[in-house]
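Hello,

Here is the structure I promised to pass on to you. Have a look at it first, and then read on for my notes.

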Amino acid sequence: MNDPLIELRDRLRVFTQEREWDRYHTPKNLAMALIVEAAELAEHFQWLTPEESQSPQDGKRARIRDELADVLIYLVELADALDVDLAAAAHDKIAKNALKYPVEKARGNAKKYDEL
Ligand SMILES: [Mg+2]
């Protein structure tokens with residue numbers, strides 16, 4: 001087995017169990033933590049111009065990297081708490097999006113699927 005998401009899930013299970021944090025890791029709490037971390041990520045881009053957001057400075061880039069990790073960690077933990085295969089769910093959603101956004105209609109524009 002060499003599935004990075006499964007390896008992350010298993011490592012996080014050990015990390016959480018060693019600290020007896022399972023009791024706090026309800027789906028509700030994990031969903032809230034995920035949103036908090038997503039907001040921390042977004043904060044690094046707040047008020048930047050589109051151009052500035054393309055190439056964050058060295059220090060900011062490291063902090064963005066940490067927040068991306070926090071988001072992924074809580075996402076993996078939430079999916080684990082709900083027994084969701086995250087990779088399979090993402091592949092299924094991409095397939096659904098491909099049907100909603102056919103290439104010939106969606107190429108080169110950002111319209112919502114019901115406006116294509
Ligand atoms: Mg954070």
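Trp 21 is partly exposed, because its relative accessibility of 36% falls between the 20% and 50% limits. This is a predicted model, by the way, so please read everything below as computed from predicted coordinates. Phe 15 is also partly exposed, with a relative accessible area of 36%. The ring centres of Phe 15 and Trp 21 are 5.7 Å apart and the planes meet at 70°, so this pair counts as edge-to-face. Arg 19 has a part in the picture too: it lies over the face of Phe 15, at 3.7 Å from the ring centre. The charged end of Arg 19 also sits over the ring of Trp 21, with 6.0 Å to the centre of that ring.

The count of aromatic pairs comes to 2. Besides Phe 15 with Trp 21, there is Tyr 101 with Tyr 113, which is edge-to-face at 6.0 Å centre to centre and 85° between the planes. Tyr 101 lies in the loop between α5 (86-100) and α6 (103-106), while Tyr 113 belongs to the segment after α6, so the pair ties together parts that are 12 residues apart in sequence. Tyr 101 is partly exposed, at a relative accessible area of 29%, and Tyr 113 is partly exposed at 37% relative accessibility.

While you are looking at that end of the chain, turn to Lys 111, which lies in the segment after α6. Setting aside residues up to four places away in sequence, Lys 111 touches Tyr 101 and Leu 116. The C-alpha atoms of Lys 111 and Tyr 101 are separated by 9.4 Å, and the two residues are 10 apart along the chain. Lys 111 counts as partly exposed, with 48% relative accessibility.

Next comes the metal site. Which residues coordinate the magnesium ion? They are Glu 37 (OE), Glu 40 (OE), Glu 67 (OE) and Asp 70 (OD), at 2.0 to 2.3 Å. Along the sequence, these donor residues follow the spacing E-x2-E-x26-E-x2-D. Glu 40 lies in helix α2 and Asp 70 in helix α4, so this pair ties together parts that are 30 residues apart in sequence. As for accessibility, Glu 40 is partly exposed at 28%, and Asp 70 is partly exposed at 25%.

The helices α2 and α4 come up again in the nonpolar interior. The largest nonpolar core has 6 residues, namely Leu 30, Leu 34, Leu 41, Ile 64, Val 71 and Leu 78. Two or more residues of this core come from each of α2 (27-43) and α4 (58-81). Val 71 is a good residue to click on: leaving aside its neighbours within four places in sequence, it is in contact with Leu 34, Glu 37, Ala 38 and Leu 41. Among these, Leu 34 and Leu 41 are members of the core, and Glu 37 is a donor to the magnesium ion.

His 44 is worth a visit as well. It lies in the loop between α2 and α3 (50-54). Is His 44 buried or exposed? At 14% relative accessibility, it counts as buried. Not counting residues up to four places away in sequence, His 44 touches Lys 60, Arg 63, Ile 64 and Glu 67. Of these contacts, Ile 64 belongs to the core and Glu 67 is a magnesium donor. The C-alpha atoms of His 44 and Ile 64 are separated by 6.8 Å, with their positions 20 residues apart along the chain.

Finally, the overall view. The protein chain has 6 helices and 0 strands, and it reads α-α-α-α-α-α along the sequence. Its radius of gyration is 18 Å, whereas a compact globule of 116 residues would have one near 13 Å. Taken along the principal axes, the C-alpha atoms fill a box of roughly 50 × 35 × 30 Å. Buried residues make up 15% of the 116 residues. Among contacts with a separation of 6 or more, 59% join residues 24 or more positions apart.

Happy browsing, and do write back with anything you would like to go over together.

Best wishes

How values were computed:
Residues are numbered from 1 along each chain as its sequence is written. This is a predicted model: local features need pLDDT of at least 70, side-chain atom pairs count only at pLDDT 80 or more; totals for chains, interfaces and linings use all residues. Side-chain values use heavy atoms; hydrogens and water are left out. A nonpolar core is a set of buried Ala, Val, Leu, Ile, Met, Phe, Trp, Tyr and Cys residues joined through side-chain atoms within 4.5 Å. Buried means under 20% relative accessible area, exposed over 50%, partly exposed in between (1.4 Å probe, protein chains only). Helices (H or I, at least four residues) and strands (E, at least two) are DSSP runs, numbered from the N terminus. Contact means heavy atoms within 4.5 Å. Donors are N, O and S atoms within 2.8 Å of the metal (3.2 Å for Na, K and Ca); water is not among the atoms, so sites may look incomplete. Rings of Phe, Tyr and Trp (its six-membered ring) pair if their centres lie within 6.5 Å; planes under 30 degrees apart count as stacked, over 60 as edge-to-face and the rest as tilted. A charge sits over a ring if NZ of Lys or CZ of Arg is within 6 Å of the ring centre and within 35 degrees of the ring normal. The radius of gyration is taken over C-alpha atoms; the globule rule is 2.2 Å times the number of residues to the power 0.38.
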